[in-house]
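User: I've got a structure open and I'm not sure how to read it. Could you walk me through a few features?

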Amino acid sequence: MVTVAVAGATGYAGGEALRLLLAHPEVTVGAVTAGASAGDRLGEHQPHLTPLADRVIEPTTADALSGHDAVFLALPHGASAALAAELPSDVRILDCGADFRLADAAAWQEFYGSEHAGTWAYGLPELRLAGGGVQRDELTGQTRVAVPGCYPTACSLALAPAAQAGLIGLDDIVIVAASGTSGAGKAMKPHLLGSEVMGSMSPYGVGGVHRHTPEIEQNLARAAGAPATVSFTPTLAPMPRGILATCTAPAAPGLSAASLRESYEKAYGAEAFVQLLPEGQWPATASVLGSNNVQLQVSLDERVGRVIVVAAIDNLTKGTAGGAVQCLNLLLGLDETAGLPTVGVSP
Ligand SMILES: NC(=O)C1=CN([C@@H]2O[C@H](COP(=O)(O)OP(=O)(O)OC[C@H]3O[C@@H](n4cnc5c(N)ncnc54)[C@H](OP(=O)(O)O)[C@@H]3O)[C@@H](O)[C@H]2O)C=CC1
Ligand SMILES: CC(=O)N[C@@H](CCC(=O)OP(=O)(O)O)C(=O)O
């Protein structure tokens, strides 16, 4: 058994990590830590995590987190670097925040407005890479992993096979994605009040300013082996969980619908968590909730010459905590699927 501590245990990402870790056959949950809620019982904040209801939340310090085989950091952006520096180098750290996701320090500065902390191995195992590789191979032997953002998980897995195979143009990629409100975390924000969100959908971060834009571009450039530019527009949907990403790009000259589909079958046919749906069936967030699955459908709009890929994930499972557990399994040499649900909870 390995012991895993969770920092940010009272938040949405930390809570989902604990839900999954409690069901993991090789894991014992160690320290649970947070910020202002330190000293409370975990059950006051995460009543669904019944086996841990009486655990007392500890302050988030290196002392509380050290002595574990692995640590999940589910803290606000900017909190990870200082903590990670204080933890022994052999402790596996899975950072659910953004601090170490980008390789380009200038892009970090532009989109996050702070000093770049560095770059860790990127935790999206199924990401296809130029030259025929796959990101999972780069995770073996690592002790520090940057878990992807929720939108980049859905959007990158949607378009990477086409980018890798040269089936799309890289300079006119357009993505519109809807997210459930848990993507924004638990902290109170006026635009997330129930009366603002229920029964309404609205865009935010419009005009190329959302911080996931450079992360998606980075992933697609790695898949294609050439720079990619993305117009990304997120929208807020009146549901607690789920992301539905509609991704389109110019089709390469002469591309047929059959060869497009074939390239996705080839890329993801052996993946446990990525399912290309049967022709005519479209992804829906309700079909993936609570599971670590990514459901995809591809189409060729021959009239305008564009490839369309639609992807659905649960932002808290595959989009954060499930992705982190998947990476933990790889770091530990366990079955990549250990402890991870592939069955959802619809409706
Ligand atoms: N929600 C999502 O879908 C996704 C989230 N992420 C990332 O995961 C991380 C956590 O997000 P999320 O769970 O949504 O956020 P929440 O706001 O729901 O939770 C934040 C957690 O961090 C703790 N915390 C806040 N400030 C401090 C501090 N100064 N010191 C120690 N602990 C602190 C909070 O504890 P307390 O209760 O005591 O305040 C809480 O446990 C973020 O980096 C986010 O970007 C990544 C992908 C998707
Ligand atoms: C609905 C909503 O607000 N979603 C969040 C994305 C959450 C996510 O993936 O988080 P990090 O990159 O912050 O880790 C947003 O758009 O900022």
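Analyst: Let's start with confidence: pLDDT is the predictor's confidence in each residue, from 0 to 100. This is a predicted model, where local features need pLDDT of at least 70 and side-chain atom pairs count only at 80 or more, while totals for chains, interfaces and linings use all residues. Residues are numbered from 1 along each chain as its sequence is written, and chains are lettered from A and ligands numbered from 1 in the order written.

User: Which elements have the lowest and the highest mean pLDDT?

Analyst: In general, where pLDDT is low, the predicted coordinates should not be read in detail. Here, helix α8 (residues 194-197) has the lowest mean, 87, and α7 the highest, 99. The chain averages 97, with 100% of the residues scoring at least 70. Those names come from DSSP runs numbered from the N terminus: helices are H or I with at least four residues, strands are E with at least two.

User: How do I check a helix, say α9, and is it buried or exposed?

Analyst: The expected span is 1.5 Å times one less than the number of residues. The 13 residues of α9 (residues 212-224) should span 18 Å, and the end C-alpha atoms are 18 Å apart, which agrees. For burial, count the other C-beta atoms (placed from the backbone) within 10 Å of a residue's own: 20 or more is buried, 12 or fewer exposed, in between partly exposed. In α9, 13 of its 13 residues are buried. Just after α9, Gly225 takes a positive phi of about 75 degrees.

User: What about ligand 1: which residues come nearest?

Analyst: A residue counts as near if its C-beta atom, placed from the backbone, lies within 6 Å of the molecule. Around ligand 1 there are 31 residues, and Gly11, Gly35, Gly97, Gly185 and Lys186 come nearest. Both α1 (12-22) and α11 (317-332) give two or more residues to that shell, and α1 gives the most, with three. Domain 1 (2-148 + 317-332) and domain 2 (151-313) both contribute, so ligand 1 lies between them; the bounds come from an automatic or database domain assignment.

User: And what kinds of residues surround ligand 2?

Analyst: Ala, Val, Leu, Ile, Met, Phe, Trp, Tyr, Cys and Pro count as nonpolar, Asp, Glu, Lys and Arg as charged, and the others, Gly among them, as polar. The shell of ligand 2 has six nonpolar, four polar and no charged residues. Among them are Cys150, Tyr151 and Ser179. At least two residues each come from α7 (150-164) and β10 (230-236).
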